[in-house]
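Here is a walk through one chain, starting with the empty space inside and working outwards. Keep the structure open and turn it as you read.

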Amino acid sequence: ERGEVEGICGLSYTTLIASSPGWILDKKINILLQTGDKRHPAMQDVPLAVEKAKTEEGKAVLRLYSTPEEIGRPFVAPPNVPKDRVNALRRAFDATMKDKGFLEDAEKAHLEIDPVTGEDMEKLLKNAYVSPPAVVDKVKAVLGREK
């Protein structure tokens, strides 16, 4: 805003549009890459980082790295919850995410609702846990957690 050049990584579109909408609406910033499995609906022209990877291992590293972003803010239950209760909790969550009153309140608060179903979250976690050790080691190195 003062004519400086600056960069930032790890800021979500939702946060950016809520805190500084003019930056996006007035095209004051350029978003270079997105992380995650799918492009944000408002940024269809911005490539995913995984699309820029040159190797399959590079793609695997970027997928694992972006898993927490895909998961977002999870709701979890303790181990050994009976499957019928897990299913009931998942269906209640899914219904809430489609509830007219909930969506109206979210819109008033400028909150974007883009839920991940329990089944999809389970798949993301299972995929993360079967990542090859070399991929895990590279993500740890990127995060500064080699040990």
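The lining of the largest cavity divides into 3 nonpolar, 3 polar and 1 charged residues. This is a predicted model, so treat what follows as a reading of computed coordinates. The residues in question are T35, G36, A49, V50, L62, R63 and S66. The space they enclose is modest in number terms: the largest cavity has a volume of about 40 Å³, and the count of cavities of 30 Å³ or more comes to 1.

Which helices supply the walls? At least two lining residues each come from α3 (49–52) and α4 (56–71). Of these contributions, the largest share belongs to α4, with 3 residues. S66 is a good residue to click on here. It sits in helix α4 and also belongs to the lining of the largest cavity. Is S66 buried or exposed? With a relative accessible area of 3%, S66 is buried, because that value falls under the 20% cut-off. Leaving aside neighbours within four places in sequence, S66 is in contact with T35 and G36, and both of these residues are on the cavity lining too.

Two places further on in the view is P68, also found in helix α4. P68 has 53% relative accessibility and counts as exposed. The C-alpha atoms of P68 and G36 are separated by 8.9 Å, with their positions 32 residues apart along the chain.

Now for an open space. The second largest pocket has a volume of about 290 Å³. Its lining is made up of L64, Y65, T67, P68, I71, L125, A128, Y129, V136, V139, K140 and L143. By class, that gives 10 nonpolar, 1 polar and 1 charged residues. Three helices, α4, α7 and α8 (133–143), each supply at least two residues of this lining. The most comes from α4, with 5 residues. P68, exposed as noted above, is one of the residues lining this pocket.

Helix α7 deserves its own look. How far apart are the end C-alpha atoms of α7? They are 16 Å apart, which agrees with the 16 Å that the 12 residues of the helix (residues 118–129) should span at 1.5 Å a residue. The buried residues of α7 are G118, M121, L124 and A128. Seen down the axis of α7, these buried residues fall within an arc of 120°, so they line one face of the helix. What does that face pack against? The buried residues of α7 pack against α4 and α5 (83–98). On the face turned away from the buried side, α7 carries the exposed residues K123, K126 and N127. A128 turns up twice in this account: it is among the buried residues of α7, and it is also in the lining of the second largest pocket.

Further along, V142 is found in helix α8. V142 is exposed, with a relative accessible area of 57%. Its C-alpha atom and that of E122 are separated by 24 Å, although the two residues are 20 apart along the chain.

The loops hold a couple of backbone details. K27 lies in the loop between α2 (21–25) and α3, and N80 is found in the loop between α4 and α5. What sign does phi take at N80, which is not a glycine? Phi is positive there, and K27, also a residue other than glycine, has a positive value as well. Both residues count as exposed. Here they are side by side:

| Residue | Phi | Relative accessible area |
|---|---|---|
| K27 | near 55° | 70% |
| N80 | about 65° | 77% |

Finally, step back to the whole chain. It has 8 helices and 0 strands, and read along the sequence it follows the pattern α-α-α-α-α-α-α-α. Along its principal axes the C-alpha trace spans about 55 × 45 × 25 Å. Buried residues make up 21% of the 147 residues. Among contacts between residues at least 6 apart in sequence, 45% join residues at least 24 apart. The contacts of S66 with T35 and G36 make a handy example to look at in the viewer.

Technical notes:
Residues numbered from 1 in each chain as written. Predicted model: local features only at pLDDT ≥ 70, side-chain atom pairs only at ≥ 80, totals over all residues. Heavy atoms only, no water. 1 Å grid on protein atoms, 1.4 Å probe; cavity = no way out; pocket = protein on both sides within 12 Å on 5 of 7 lines; lining within 4 Å. Points joined across faces, edges and corners; volume = space filled by probe spheres on them. Helix = DSSP H or I, 4+ residues; strand = E, 2+ residues; numbered from the N terminus. Nonpolar A, V, L, I, M, F, W, Y, C, P; charged D, E, K, R; others polar. Expected span 1.5 Å × (residues − 1). Buried < 20%, exposed > 50% of the residue type's maximum accessible area, 1.4 Å probe, protein only. Arc of directions from axis to C-beta. Contact = heavy atoms within 4.5 Å.
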